[in-house]
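Please look through the structure shown here, with attention to how its parts meet one another. A short report follows it.

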Amino acid sequence: MTKHNAVQGQVVRIVSNRYTVEAEGKTYIAYARGRLRLGEDIFVGDNVVLEIQKPLSVIEEILPRKNKMIRPYVANIDSVILIVAKEPEPDWILVDKILLNCFKEGIEPILCYNKCDLAEKAETEILLAPYQKIVKCLTVSGLRGDNLSELGSLVKGKLVCFAGQSAVGKTSILNALSGLSLKTDGLSARIMRGKNTTRHVEIFNVCGGRVADTCGFSMLESIEVEYTELMYYYPEFVPLQSACRYKSCTHIAEPDCAVKEALKKGLIDSGRYARYTEIYRELKKAREERYE
Ligand SMILES: Nc1nc2c(ncn2[C@@H]2O[C@H](COP(=O)(O)OP(=O)(O)OP(=O)(O)O)[C@@H](O)[C@H]2O)c(=O)[nH]1
Ligand SMILES: [Mg+2]
Ligand SMILES: [Zn+2]
């Protein structure tokens, strides 16, 4: 069948099964062709072939992705700005999982500590120290405006994704950078957790680039990494690998392991290593359960 009105566009917003697609400078609301709905999910950031129709256009095809993030689901991004904050208390396992997903997908991660107006400078430095050597780190306050121009300069010319737990201040920072007034909300006082204020993923034009605001989350139940390959997504382990006795040493129980030697000498952060072993065991267990 010949398509007369087919154009290429990018999905910029998904709310339930309605997709907002930008194509040739215009915005269209679309639904997905049935066979797509049954197959792989469509992500915000996906480049698609769109059949323009009224009242609703149709997404006919998803074009190949350069990368994808799981939780939040976003595709074709240049970098992830992973936001943690003074409150809610950072979940460093979650941080490490998002980082390793970035390294696996070849996406540049940036670690951004928000609400620095509530924290002592020394406290922030201690928290970020294990990450300084691995990723670019930045300390900001969405509320007070600290370092927002530096953050804005990291967005320029790129499609970046704001990721992190609910109520770390993703939407607040986006509002401060853009002048938008998207909905934000505080922490639930009883459990000191976010209220999942942002309910869908959406891309906005900001600071000469584009930002995908995403829904906060508190767990990352699945990461698509084999436990036997996990060590390759820890940039501080990779240069030591060749000094381990075994070529594919996982740095868990093997003898003569250079990573464990470095750990003893304090050259590898003990928190990062402990979380590595936890994620390793979790992936191994999931793998074994799948094949039982
Ligand atoms: N003190 C302080 N509070 C902030 C700062 N940035 C954001 N907040 C507050 O943190 C709360 C959560 O902000 P949101 O922007 O809604 O957080 P979010 O990450 O978008 O949350 P979800 O949409 O649920 O994922 C709000 O009450 C904000 O006012 C900051 O720099 N300092
Ligand atoms: Mg939000
Ligand atoms: Zn090793």
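The text below describes the domains of this predicted model and the interface between two of them.

The domain assignment divides the protein into three stretches, which are listed in the table with their residue ranges.

| Domain | Residues |
|---|---|
| Domain 1 | 6-62 |
| Domain 2 | 68-213 |
| Domain 3 | 227-290 |

The rest of this report concerns domain 2 and domain 3, whose centres, taken over C-alpha atoms, are separated by 27 Å. Where these two domains meet, twelve residues of domain 2 are in contact with twelve residues of domain 3, and the area buried between domain 2 and domain 3 is about 1,100 Å², of which 69% lies on carbon and sulfur atoms.

Charged and polar pairs also occur at this interface. Between domain 2 and domain 3 there are three salt bridges, and four residue pairs are found in polar contact across the interface of the two domains, with both residues of each pair at pLDDT 80 or more. On the side of domain 2 that touches domain 3, at least two residues come from each of helix H2 (92-105) and helix H3 (121-132), and the most is given by H2, with eight residues. Sorted by class, that side of domain 2 has eight nonpolar residues and four charged ones, while no polar residues are counted there.

Which two side chains meet in a salt bridge with an N to O distance of 2.7 Å? They are the side chains of Arg 275 and Asp 96.

Technical notes: Residues are numbered from 1 along each chain as its sequence is written. Chains are lettered from A and ligands numbered from 1 in the order in which they are written. This is a predicted model: local features need pLDDT of at least 70, side-chain atom pairs count only at pLDDT 80 or more; totals for chains, interfaces and linings use all residues. Side-chain values use heavy atoms; hydrogens and water are left out. Domain bounds come from an automatic or database domain assignment. Contact means heavy atoms within 4.5 Å. Buried area is the accessible area (1.4 Å probe) that two parts lose on being put together, summed over both. A salt bridge is a side-chain nitrogen of Lys or Arg within 4 Å of a carboxyl oxygen of Asp or Glu. A polar contact is a pair of N or O atoms within 3.5 Å; within protein, one must be able to donate a hydrogen and the other to accept it, and residues adjacent in sequence count only if both atoms are side-chain atoms. Helices (H or I, at least four residues) and strands (E, at least two) are DSSP runs, numbered from the N terminus. Ala, Val, Leu, Ile, Met, Phe, Trp, Tyr, Cys and Pro count as nonpolar, Asp, Glu, Lys and Arg as charged, and the others, Gly among them, as polar.
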